[in-house]
Amino acid sequence: MDAAAASATTMKAVNFLGTPVTQRITTPTTLTSSIPNCNTKIHSLYLPNSNPRNRAIPLLPRCSTKPGTDTTDNENPQNSTVESNLDSNPTNPSTPSWKDAIFSPIPPSISSSFTKGLVFDLGLEGSWDSAEVGSPVVKRFLGDEEERWYMWYYGSSNSEGSDSIGLAVSSNGVHWERGGGAVQSSQDVGAVINCGKDWWAFDTQSIRPSEVVVMSSSKVRASSAVYWLYYTGYSAEEAEISSDCRNLELDLENPERMKNGANARKILKSLPGLAISQDGRHWARIEGEHHSGALFDVGLQEEWDSSFVAAPHVVYHESGDLRMYYHSFNLENGVYSIGIARSRDGIKWVKLGKIIGGGRSGGFDEMGAMNPCVVRNKKDGDYLMAYEGVCADGGRGIGLAVSKDGLKDWTKIGDGVVLGASEECGWDNKGVGSPCLVQMDGEEDEWRLYYRGVGDGGRSGIGMAVSEGSDVRRFRRWAGFHL
């Protein structure tokens, strides 16, 4: 039995994804109906616990080989709306697919002025996401008879970490069905990925979703598509920040927790990772070329991204051209900056350099930009970037930039925020960030902006704002449907 056959047999024995692994993805632009074969060097594999309320979330296999690079008969994949939904048998939010599925709890007793814009609160007590939520990655899928919304996000059950990535679903992008434990089937909602357990891995301390790229083609039904999750993994290794930057408030967003030292302030080192799935729920990690399993390493000591690499947002431009937008902390000038890398296959990346840095003095992004989300405008073909700006006192707001080609020619739209912290009584009055843009269909070309908000006591939630028609210069927090 060769290595590929042995791997397929091993996968079948544990009923991975419910089907034998007999085919492979040859490149991100060639689609098969299954995940890539892994060889027999599978580092760890744990079966899901039968109790969905158990907080322990199963590890996923880490494949030591990558998808091949055969580009024969390629079809263009899609990185946006697809014709049908992820489910082969979609569920209805009004009829949860398992007994522990619940809706995002927003207490009715709280005034609407406090919850304005809030569409996804913390999970119920005892659930995997009861202490913290954020980093929303939202996708809208249109079918013949319905629309389905999927949101991957991170959650934590305690203030010390133990972050996981989960999935919630919706029929309108506002009311979300969620789960209190790990998913059990291809129709479940809940936690889908936890931190790695291999001591050498780059994602042992925390993980955050950054983007889900839908790889499908006209030859294959979307329900058989493959989903590529790009995420940030944090290890126990610390990235050193110079003493000149000690006055910068970088600790507003977990897990970039500052550690005070005599001569430096440090944060957890992060690197970009990749996992793939057939159903958006059961994921297999794909090892990159870095010894930790990450896709690539930080830059050299004198380069702008030498401290860490975070928030790898990937956009499919055309066949053989994928772009990754990510942020780091530029030690030379002490600001967050966003850079770009390019790839032919979605796995091997070439860095092109920094594209956005700090803003004007006194501006909302004076200390830099982070957490980019890039969308290609379906109307004019321009690239629109929403990013999280950091001001001098550590406050966070969301700004926009635009580019014709999506490469280096980025221009910020205005010099102010398109969405800032709410008023003093709001649930997100301490800052907003981790933006996710969704372009809606219709004559007005409305945009939705999902984001992470932080309020008093560091309490987090996920909010939604909408544009004034096609005007993306200002967003207003969602306050209900207009009948």
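Over residues 1–61 of this predicted model the pLDDT stays under 50, although the model has 153 contacts beyond four places in sequence for that stretch. Residues 64–100 follow the same pattern in kind, with pLDDT again under 50 and 126 contacts beyond four places in sequence. Where pLDDT is low, the predicted coordinates should not be read in detail. That caution applies to the contacts of both stretches, and to helix 1 (residues 3–13), which has the lowest mean pLDDT among the elements of the chain, at 35. The highest mean pLDDT, 97, belongs to strand 6 (residues 164–170). Taken over its whole length, the chain averages a pLDDT of 76, and 67% of the residues score at least 70.

With that reservation in place, the chain can be described as a whole. Its secondary structure comes to 2 helices and 25 strands. Of its 483 residues, 61% count as buried. Among the contacts with a separation of 6 or more, 61% are between residues that are 24 or more positions apart. The accessible surface comes to about 19500 Å², and carbon and sulfur atoms account for 47% of that area.

One sheet can be followed strand by strand. Strands of a sheet pair through backbone hydrogen bonds, either parallel or antiparallel. Here, 4 strands form an open sheet in the order 14-15-16-17, and the pairing is antiparallel. Strand 14 and strand 17 (350–356) each have a single partner strand and stand at the edges, so one side of each is left without a neighbour in the sheet. On average, neighbouring strands of this sheet are turned by 30 degrees against each other, with direction ignored. Within the sheet, strand 15 and strand 16 (residues 335–343) run antiparallel and are joined by 9 bridges; one example is Y325, whose bridge partner in strand 16 is I340.

Strand 15 (residues 321–330) also holds R323, a residue that repays a closer look. R323 counts as buried because its relative accessibility is 2%, which falls under the 20% cut-off for that class. Its side chain has polar partners in the model: a polar contact of 3.0 Å joins the side chains of R323 and D321, and the backbone oxygen of D405 lies 2.9 Å from a polar atom of the R323 side chain. Leaving aside neighbours within four places in sequence, the residues in contact with R323 include H313, V314, V315 and H317, together with I340, A341 and R342. The list of contacts also takes in W349, Y383, D405, G406 and L407, so that D405 appears both as a contact of R323 and, through its backbone oxygen, as the polar neighbour of the R323 side chain.

Two further residues deserve attention for their backbone geometry. A311, found in strand 14 (residues 310–318), has a phi near 55 degrees, a positive value in a residue other than glycine. A311 counts as buried because its relative accessibility is 9%. S434 lies in strand 22 (residues 431–439), and its phi, near 45 degrees, is likewise a positive value in a residue other than glycine. S434 also counts as buried, because its relative accessibility is 6%.

Note on methods:
Residues numbered from 1 in each chain as written. Predicted model: local features only at pLDDT ≥ 70, side-chain atom pairs only at ≥ 80, totals over all residues. Heavy atoms only, no water. pLDDT = per-residue confidence, 0-100. Contact = heavy atoms within 4.5 Å. Buried < 20%, exposed > 50% of the residue type's maximum accessible area, 1.4 Å probe, protein only. Polar contact = N/O pair within 3.5 Å; in protein donor to acceptor, adjacent residues only side chain to side chain. Areas by Shrake-Rupley, 256 points an atom, 1.4 Å probe, with all protein chains shown as cover. Pairing = 2+ DSSP bridges. Axes fitted to C-alpha atoms, helices over the stretch in contact; angles between N-to-C directions.
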